[in-house]
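This report looks at charged side-chain pairs and at one residue in a loop. The sequence and the structure come next, and the discussion follows them.

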Amino acid sequence: ISTLNKLKEIASTDITVIAFRIPTTEQMEMLEDSISGFEENFIKNELTKHSVIWLDFINFQFVSYDGSHLTESSARKLSRYIGKKINELYLSKSKLH
């Protein structure tokens, strides 16, 4: 929870915070959640209430070769998507100033 509080603190400044869960397989996501106690919806809701931008991904749109790492093409796809979102945010903020 201390990381959650730190992200909330940073987001309360003029810094844009973007958060997301790296796409993986459904099986790996369930395993991670069961071991770590990670509650994605709780984290997402807490962060978005404090101006953190949460990006959602659909796991099956990306391919993992071992359940933990994305294939090169999926990693590039993810990077392009994140870059596009950052660019959209930058452009929307530029119009406000």
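Is lysine 85 buried, partly exposed or exposed? In this predicted model, lysine 85 has a relative accessible area of 25% and is therefore partly exposed, because the buried class is confined to values under 20%. The side chain of lysine 85 meets that of glutamate 88 in a salt bridge, with 3.4 Å from N to O, and glutamate 88 is likewise partly exposed, at 37% relative accessibility. Both residues belong to helix H4, where they sit 3 residues apart, about one turn of the helix.

Salt bridges that share partners also join Arg21, Glu32, Asp33 and Glu40 into one network. Over the whole structure, the search finds 9 salt bridges, and the table sets out some of them.

| Salt bridge | N to O distance |
|---|---|
| Lysine 6 and glutamate 9 | 3.3 Å |
| Glutamate 72 and arginine 76 | 2.9 Å |
| Lysine 85 and glutamate 88 | 3.4 Å |

Lysine 6 and glutamate 9 are both found in helix H1, which covers residues 2–11, and they are placed 3 residues apart, about one turn of the helix. Lysine 6 is partly exposed, its relative accessible area being 43%, and glutamate 9, at 46% relative accessibility, also counts as partly exposed.

Glutamate 72 and arginine 76 lie in helix H4, which runs over residues 72–96, and their spacing of 4 residues corresponds to about one helical turn. Glutamate 72 has a relative accessibility of 55% and so counts as exposed, since that class takes values over 50%.

A polar residue in a loop completes the picture. Where does asparagine 59 lie? Asparagine 59 is in the loop between strand E2 (53–55) and H4, and, at 9% relative accessibility, asparagine 59 counts as buried. Leaving aside residues up to four places away in sequence, asparagine 59 touches Pro23, Thr24, Thr25, Glu26 and Glu29. For threonine 24 there is an atomic detail to add, in that its backbone nitrogen lies 3.1 Å from a polar atom of the asparagine 59 side chain. With respect to arginine 80, asparagine 59 is 21 residues away in sequence and 16 Å away in space, taken from C-alpha to C-alpha.

How values were computed. Residues numbered from 1 in each chain as written. Predicted model: local features only at pLDDT ≥ 70, side-chain atom pairs only at ≥ 80, totals over all residues. Heavy atoms only, no water. Salt bridge = Lys/Arg side-chain N within 4 Å of Asp/Glu carboxyl O. Helix = DSSP H or I, 4+ residues; strand = E, 2+ residues; numbered from the N terminus. Buried < 20%, exposed > 50% of the residue type's maximum accessible area, 1.4 Å probe, protein only. Contact = heavy atoms within 4.5 Å. Polar contact = N/O pair within 3.5 Å; in protein donor to acceptor, adjacent residues only side chain to side chain.
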